[in-house]
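Here is a short briefing to read alongside your viewer. Have the sequence open too, and take the topics in whatever order suits you.

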Amino acid sequence: MSFTLPDLPYAHDALQPFMSKETLEYHHDKHHLAYVTNGNNAIKGTEFEGKSLEEIVKGSYGKNPAVFNNAGQHYNHLHFWKWMKPNGGGKIPGALEKAIVDAFGSVDKFKEDFVAAGVGQFGSGWAWLEVKGGKLAVSKTPNGESPLVHGGTPILGVDVWEHSYYIDYRNRRPDYLKAFLESLVNWEYVAERYDAAAKA
């Protein structure tokens with residue numbers, strides 16, 4: 001299976017003012033494309049040729065950094081674009097909201113923990129809402145790792161590599177994370193991921 005760069009599910013300027021056209025042009029059209037190109041090159045002639053993306057991510061973790069770094073980031077970004085939408089944020093679908101309240105005590109506490117994970121990830125990486133052992137949890141990972149390689153299922157992730165926010169927010173990562181939660185998250189897609197993970 002070779003990787004391909006998906007089209008964004010919205011126009012490059014659709015997430016403004018919270019994420020600029022310039023950021024999406026660099027992040028999607030250049031950074032994500034590089035993961036696709038480099039990943040395809042790294043996989044050629046290896047045991048990972050012909051496997052699904054999830055199999056490649058799990059199988060290469062800790063064994064083949066060139067394959068893992070690019071496949072992991074490709075996997076993360078495929079979902080990242082869908083985890084956002086124009087006029088995002090707002091109300092969380094019922095079953096997911098109940099699960100968040102059950103796990104964290106309140107939606108506000110979840111948001112606080114999620115922002116803290118993103119702020120607390122030193123250097124490049126991601127903050128996550130995941131399903132692990134049947135429960136919701138917030139976590140953070142370095143570089144291209146995700147809950148997928150730590151026994152969890154990511155249902156929401158935010159990219160805290162500098163290329164994700166520096167053009168728009170400079171060094172204000174907390175402001176970027178708050179804007180992501182309040183104005184960009186596509187909660188319907190998160191709920192779909194949650195339903196699928198809960199059934200698995």
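S60 is a good place to begin: this serine is buried, with a relative accessible area of 0%. Please keep in mind that the model is predicted. From S60, the notes below move on to the domains, the annotated binding site, the nonpolar cores and a few backbone details.

**Around S60**

- S60 belongs to helix α2, which covers residues 53–60.
- Setting aside neighbours within four places in sequence, S60 is in contact with F48, V67 and F68.
- S60 counts as buried because its relative accessible area is 0%, and the cut-off for that label is under 20%.
- One of these contact partners, F68, also appears in a nonpolar core of 13 residues, as described further down.

**Domains and their interface**

- The domain assignment splits the protein into domain 1 (21–81) and domain 2 (94–199).
- Between the C-alpha centres of domain 1 and domain 2 the distance is 20 Å.
- On the domain 1 side 18 residues are in contact with 22 residues of domain 2.
- About 1700 Å² is buried between domain 1 and domain 2, and carbon and sulfur atoms give 62% of that area.
- T23, Y61 and F80 are the domain 1 residues that lose the most area to domain 2, and together they make up 31% of what that side buries.
- UniProt, in an unreviewed entry, lists residues 94–193 as "domain: Manganese/iron superoxide dismutase C-terminal".
- That span, residues 94–193, is 48% helix and 23% strand, and its end C-alpha atoms lie 14 Å apart.

**The annotated binding site**

- Which residues does the UniProt annotation "binding site" cover? According to that unreviewed entry, they are H27, H77, D159 and H163.
- These four residues are spread over 137 residues of sequence, yet they cluster in space, with a largest C-alpha distance of 12.7 Å.
- H27 sits in helix α1 (residues 21–43), while H77 sits in helix α3 (residues 65–82).
- Are these two histidines, H27 and H77, buried or exposed? H27 is buried, at a relative accessible area of 0%, and H77 is buried at 0% too.
- The side chains of H77 and H27 make a polar contact at 2.9 Å.
- Beyond its neighbours within four places in sequence, H27 is in contact with H32, H77, F80, W81, D159, H163 and S164. This list includes H77, D159 and H163, which share the binding-site annotation with H27.
- With residues up to four places away in sequence left out, H77 touches H27, H32, Y35, W126, D159 and H163.
- H32 is therefore a partner of both histidines, being in contact with H27 and with H77, where contact stands for heavy atoms within 4.5 Å.

**Nonpolar cores**

- The largest nonpolar core has 44 residues, and F80, I100, L156, F180 and W187 touch the most other members.
- At least two residues of this core come from each of α3, α4 (94–104), α5 (107–120), β1 (125–132), β3 (153–159), α7 (173–184) and α8 (187–199).
- Both domains take part: domain 1 (21–81) and domain 2 (94–199) each contribute at least three residues to this core.
- F180 touches F80, M84, F114, L156, G157, V158 and V185, not counting residues up to four places away in sequence.
- Another core of 13 residues lies apart from the largest one, and its members include I56, F68, A71 and Y75.
- F80 links several of these topics: F80 is in contact with H27, is among the core members that touch the most others, and is one of the domain 1 residues that lose the most area to domain 2.

**Backbone details to check**

- Most residues other than glycine have a negative phi, and most peptide bonds are trans.
- Q16 and P17 are joined by a cis peptide bond, with omega about 5°, and P17 is in the segment before α1.
- N143 has a positive phi, near 50°, and is placed in the loop between β2 (135–142) and β3.
- With a relative accessible area of 41%, N143 is partly exposed.
- R170 has a positive phi as well, near 55°, and is found in the loop between α6 (166–169) and α7.
- R170 counts as partly exposed, at 46% relative accessibility.

Technical notes. Residues are numbered from 1 along each chain as its sequence is written. This is a predicted model: local features need pLDDT of at least 70, side-chain atom pairs count only at pLDDT 80 or more; totals for chains, interfaces and linings use all residues. Side-chain values use heavy atoms; hydrogens and water are left out. UniProt positions are given in the numbering used here, feature names are shortened, and annotations may be inferred rather than shown by experiment. Helices (H or I, at least four residues) and strands (E, at least two) are DSSP runs, numbered from the N terminus. Buried means under 20% relative accessible area, exposed over 50%, partly exposed in between (1.4 Å probe, protein chains only). A polar contact is a pair of N or O atoms within 3.5 Å; within protein, one must be able to donate a hydrogen and the other to accept it, and residues adjacent in sequence count only if both atoms are side-chain atoms. A nonpolar core is a set of buried Ala, Val, Leu, Ile, Met, Phe, Trp, Tyr and Cys residues joined through side-chain atoms within 4.5 Å. Domain bounds come from an automatic or database domain assignment. Buried area is the accessible area (1.4 Å probe) that two parts lose on being put together, summed over both.
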